[in-house]
Amino acid sequence: MATGRTHRPATRSRGIPEATVARLPLYLRALTGLSERSVPTVSSEELATAAGVNSAKLRKDFSYLGSYGTRGVGYDVEYLVYQISRELGLTQDWPVVIVGIGNLGAALANYGGFASRGFRVAALIDADPTMAGKPVAGIPVQHTDELEKIISDNGVSIGVIATPAGAAQQVCERLVAAGVTSILNFAPTVLSVPEGVDVRKVDLSIELQILAFHEQRKAGEDAALGAAGPPAGRPGGPPSRKGPDGDMPAVMPA
């Protein structure tokens, strides 16, 4: 089996924690927005709010990059964009193949954010022979029979799987055998890969189920609150008890 590319992201050799690596794209997205608005500097508090993390965690994350900002000034936006892009490997061109050009695969092919973030869609691949030659997002679809040659010719190390679940593992194995060492999996299945191959899974149904759980919990809390009546101290509710330090619960713990 081919081992694929020998280079690995600099973040691993530098000992940056995976949790920090996972937040770097969030910081980069927020910084890119600031850069597009010509904002020269940003404080850790402002950037943390824009990225959805707390400022202490942000400062800790940036310390792994050797970036500490300037007291009273903050962080230089353009320099941080470059620094994070470099750590994520986005200062070079990454050819990507998308396998499975159904509705989801076609939507991914039409996503304009790939090119602006250092990724080039090198090929679109599908098992349906009637799809061969049809342009999607300006790129002609190629048949899966050509998969290995496409990967070799384009030096591809990142593959995107958007096939039905039943075909995903076989596609994965062919990608890995051809030299792909990183896979973004949209198929609703867990892939088995050898050591040294990285897989990131995106399952939209799981994310929706998690949101449904939170909605159900919020509905239950609202129902319980309605059954309990207004909180103490509000009109219609039981009187509140106060002590020298302010509000006290109506029933003190034992």
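Start by selecting strand β8, residues 182–185 (strands are DSSP E runs of at least two residues, helices H or I runs of at least four, both numbered from the N terminus). Ile183 and Asn185 sit on its covered face, while Ser182 and Leu184 are on the uncovered one. In a regular strand, side chains alternate between the two faces of the sheet.

A word on the model: it is predicted, with local features needing pLDDT of at least 70, side-chain atom pairs counting only at pLDDT 80 or more, and totals for chains, interfaces and linings using all residues. Residues are numbered from 1 along each chain as its sequence is written, and side-chain values use heavy atoms, leaving out hydrogens and water.

Now add strand β7, residues 158–161, which runs parallel to β8 and is joined to β8 by four bridges (pairing takes at least two DSSP bridges between two strands). Here Ile158 has Ser182 as its bridge partner. On the other pairing, β8 meets strand β9 (residues 198–201), again parallel and over four bridges; look for Leu184 opposite Arg200.

Next, move to the rings of Tyr27, Phe62 and Tyr75, a cluster linked by ring pairs (ring centres of Phe, Tyr or Trp, the latter by its six-membered ring, within 6.5 Å; planes under 30 degrees apart are stacked, over 60 edge-to-face, the rest tilted). Tyr27 and Phe62 meet edge-to-face, 5.0 Å centre to centre with 75 degrees between the planes. Tyr27 belongs to helix α2 (residues 18–36) and Phe62 to helix α4 (residues 55–64), so this pair ties together parts 35 residues apart in sequence. Phe62 and Tyr75 are also edge-to-face, at 5.1 Å and 85 degrees.

Key
Buried < 20%, exposed > 50% of the residue type's maximum accessible area, 1.4 Å probe, protein only.
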